[in-house]
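Colleague: Please take a close look at one part of this predicted model, the sheet of chain B, and then explain how the rest of the model is arranged around it.

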Amino acid sequence: MKINLLQAIVDAIEDVTGLSGALLYSPELDLNAQTKPFAVVRSLTDMEKIVTFDEAKETEYYIWIYAYPIANEYQAISLPEDIKNTLFSELTVTIGEEPNQKTYKSKPLDITVNRLNGMDNDLEKYGSVITCIYKIYS
Amino acid sequence: MLDITLKLEGLDELIEKWDKRPELLIKALDFVVKKNAEEIRAKAKARAPVLTGTLRRSIDKEPLATMLYAVFSDNVPYARLRNYVNNLHPETVGYLTKTLFEQREQFMRDIEEAVRELKKL
């Protein structure tokens with residue numbers, strides 16, 4: 001369940017023009033080893049605890065997408081906005097495994113973009129974070 | 001500065017349905033917003049990463065208008081970054097914004113309870 005929603009977000013983001021790739025967050029992920037520009041999808045909702053279809057639909061998912069653009073390019077400003085715009089589209093999420101697999105749609109209730117450090121001239125250094133609140137529905 | 005705001009919307013519709021003492025309703029709902037802002041402030045302080053205590057001490061709240069409160073960290077340049085990135089203390093990530101997210105259900109319950117209690121008057 002955790003992978004399906006996050007993977008749907010990763011798949012959608014990978015279509016953003018100019019992005020070299022999107023990854024799922026893990027504490028072991030070495031950000032310095034990635035080729036910029038890239039994005040990292042992270043859930044702050046503990047999805048491991050959500051085990052039934054009904055729980056999955058009732059939950060609002062609090063998700064961050066870190067956007068790391070190439071430094072000192074206009075893309076540093078445009079990339080987070082492009083990712084944000086892409087995420088406004090509806091995503092298909094599969095839950096469970098065959099033969100009980102079910103397909104749902106998910107949509108963001110809210111998306112905001114924040115610079116990671118809040119300093120104007122350091123935008124390229126740290127990138128941005130896009131905060132999404134997703135809801136799965138039938 | 002990193003800040004979040006807690007605002008109650010849809011009040012006009014509620015007042016329309018509330019045919020008696022709208023001032024009392026506004027006062028009660030303002031109290032609910034204030035109470036929830038205080039809970040967010042306290043939880044964010046408890047969750048914030050601590051080295052010197054500057055970040056924790058900087059977290060405060062203030063009223064911006066009736067039923068609108070801000071919880072913020074002021075004059076700490078790394079407050080925003082530490083909300084989103086902290087490799088040393090990953091459990092503190094989201095100390096402010098995640099706390100706001102988690103408070104939403106309690107906020108809704110408090111509003112419903114306030115309206116329910118007012119109806120008894």
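Modeller: In this predicted model, chain B holds an open sheet of 3 strands, with antiparallel pairing and the order β1-β3-β2. Its edge strands are β1 (residues 2-7) and β2 (residues 59-65) of chain B, each of which pairs on one side only. From one strand to the next, the twist averages 25°.

Within this sheet, β2(B) and strand β3 (residues 68-73) of chain B run antiparallel and are joined by 6 bridges. One position shows the register of the two strands: B:Lys61 stands opposite B:Val71 in β3(B). Helix α2 (residues 22-47) of chain B packs on the sheet and touches β1, β2 and β3 of chain B. The direction of α2(B) makes about 160° with that of β2(B).

The loop between β2 and β3 of chain B deserves attention, as B:Met67 is found there. B:Met67 is not a glycine, yet it has a positive phi of about 65°. Most residues other than glycine have a negative phi.

The sheet may now be placed within its chain. Chain B comes to 5 helices and 3 strands, and from the N terminus on its elements run β-α-α-α-β-β-α-α. Taken along the principal axes, the C-alpha atoms of chain B fill a box of roughly 55 × 25 × 20 Å. The pLDDT of chain B averages 88, and 93% of its residues score at least 70.

Chain A has a sheet of its own. That open sheet has 6 strands in the order β1-β2-β3-β6-β5-β4, with mixed pairing. Why is one side of β1 and of β4 of chain A left without a neighbour in the sheet? Strands β1 (residues 21-24) and β4 (residues 91-95) of chain A stand at the edges and have a single partner strand each, so one side of each has no neighbour there. Neighbouring strands of the chain A sheet are turned by 30° against each other on average, with direction ignored.

Two strands of that sheet can be followed in more detail. Strand β5 (residues 102-115) of chain A pairs with strand β6 (residues 128-137) of chain A in the antiparallel sense, over 10 bridges. The bridge partner of A:Lys105 in β6(A) is A:Tyr137. Elsewhere in chain A, the loop between β1 and β2 is the place of A:Pro37. The peptide bond that leads from A:Lys36 to A:Pro37 is cis, with omega near 0°. Most peptide bonds are trans.

The two chains also meet. Helix α5 (residues 97-119) of chain B lies across β3 and β6 of chain A, and runs at about 160° to β3(A). For the complex, the predictor gives an ipTM of 0.83 and a pTM of 0.84.

Both chains contribute to the largest pocket as well. About 630 Å³ of space lies in this pocket. The largest pocket is lined by 25 residues, of which A:Leu29, A:Leu31, A:Tyr68, B:Val85 and B:Asn87 are the closest to its centre. At least two lining residues each come from β2 (residues 38-43), β3 (residues 60-68) and α4 (residues 123-126) of chain A, and from α4 (residues 79-84) of chain B. By class, the lining has 15 nonpolar, 5 polar and 5 charged residues.

A word on confidence in chain A completes the account. The mean pLDDT of chain A is 86, and 91% of its residues reach 70 or more. Among the elements of chain A, β2(A) has the highest mean pLDDT, at 95, and α4(A) the lowest, at 60. Where pLDDT is low, the predicted coordinates should not be read in detail. Helix α4 of chain A is also one of the elements that supply residues to the pocket lining.

Notes. Residues numbered from 1 in each chain as written. Chains lettered and ligands numbered in written order. Predicted model: local features only at pLDDT ≥ 70, side-chain atom pairs only at ≥ 80, totals over all residues. Heavy atoms only, no water. 1 Å grid on protein atoms, 1.4 Å probe; cavity = no way out; pocket = protein on both sides within 12 Å on 5 of 7 lines; lining within 4 Å. Points joined across faces, edges and corners; volume = space filled by probe spheres on them. Helix = DSSP H or I, 4+ residues; strand = E, 2+ residues; numbered from the N terminus. Nonpolar A, V, L, I, M, F, W, Y, C, P; charged D, E, K, R; others polar. pLDDT = per-residue confidence, 0-100. Pairing = 2+ DSSP bridges. Axes fitted to C-alpha atoms, helices over the stretch in contact; angles between N-to-C directions. Contact = heavy atoms within 4.5 Å.
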